[in-house]
Amino acid sequence: MANKTDSGATPMTKKYVKSGIIAAAVIAVAAIGIWTVRGVHNDASATVEESLTTVSETAANGADLRIAVIRMDEIQNDAAALIDLRKQKEEYEEKLRDELTREQKTLEKEKAEIEKSQDVLSRDALQRRVVDYQNRVTKLQRELAERAQSIEVAFQKALNQVQTKHLDPIIEGIIAKKNLSLVIDGRFARMGQNAQNLDITGDVVNALNKKVTKVKMDKPMGF
């Protein structure tokens, strides 16, 4: 969609972020900031007034401006293609949850069997069985995290397709048809009661529903 976050990153994928890389980036940014400040202090080749001589005095005339507001959150909630995409994503997530439940029951049963065999197996045999169990748990956790991430990647890819192939052209077409000068993100707009025909969200949703109602997600890894 036009308002990207990341969405699409899930709590599981956030664990892969390396704090060391972030710290290095912060240090690098700080170094750039120091260098920039020094450069400003050392470079007195032009005053602000002299620099502004290159700026044109021409500005937009309020009487000529045609402004509209678009609410991306409503488009995400109301557009048929996006509703269908969310449903596909939820279906994959439900399958993953069901599989997790089954695997958990299997592992719990195996854990109970290991605990019962403590007095029967030798120390080495018991240790091997415990290690094998722990390895299976670790492998399951890794696979589930990778598959959950794959669902999110497929979903975001489909959203991007809707935006680039359908939504963006529709918004551009509406801007041209209404001869708009500026379209404002509705999340930051406050409208008075007299603002008729300012919000074009409904026009966008209706046009998008007419153009496309279904966009199939790529099958995520492991499904």
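Me: Why is Phe223 called partly exposed?

Reply: Phe223 has a relative accessible area of 27%. Buried means under 20%, exposed means over 50%, and partly exposed is whatever lies in between (1.4 Å probe, protein chains only). So 27% puts Phe223 in the in-between class. Keep in mind that this is a predicted model: local features need pLDDT of at least 70, side-chain atom pairs count only at pLDDT 80 or more, and totals for chains, interfaces and linings use all residues. Residues are numbered from 1 along each chain as its sequence is written, and side-chain values use heavy atoms, with hydrogens and water left out.

Me: And what makes Tyr92 count as buried?

Reply: Tyr92 comes out at 12% relative accessibility. That is under the 20% limit, so Tyr92 is buried.

Me: How many aromatic pairs does a search of the whole structure find?

Reply: Just one. Its partners are Tyr92 and Phe223.

Me: Why is the Tyr92 and Phe223 pair called edge-to-face?

Reply: You describe a ring pair by the distance of the centres and the angle of the planes. Rings of Phe, Tyr and Trp (its six-membered ring) pair if their centres lie within 6.5 Å; planes under 30 degrees apart are stacked, over 60 edge-to-face, and the rest tilted. Here the centres are 5.1 Å apart and the planes sit at 70°, so edge-to-face it is.

Me: What makes this pair a tie between separate parts of the sequence?

Reply: Tyr92 is in helix H5 (residues 80–116), while Phe223 is in the segment after helix H7 (201–211), so the joined parts are 131 residues apart in sequence. Helices (H or I, at least four residues) and strands (E, at least two) are DSSP runs numbered from the N terminus.

Me: How do you know that a charge sits over the ring of Phe223?

Reply: The test wants NZ of Lys or CZ of Arg within 6 Å of the ring centre and within 35 degrees of the ring normal. The charged end of Arg147 passes, at 4.6 Å from the centre of the Phe223 ring. Lys89 does likewise over Phe155, at 5.3 Å.

Me: How do you know that the buried residues of H7 are on the same side?

Reply: The buried ones are Thr201, Val204, Val205 and Leu208. They cover an arc of only 95° (taken from the directions from the helix axis to the C-beta atoms), so they share a side of H7. Asn206 and Lys210, on the other side, are exposed.
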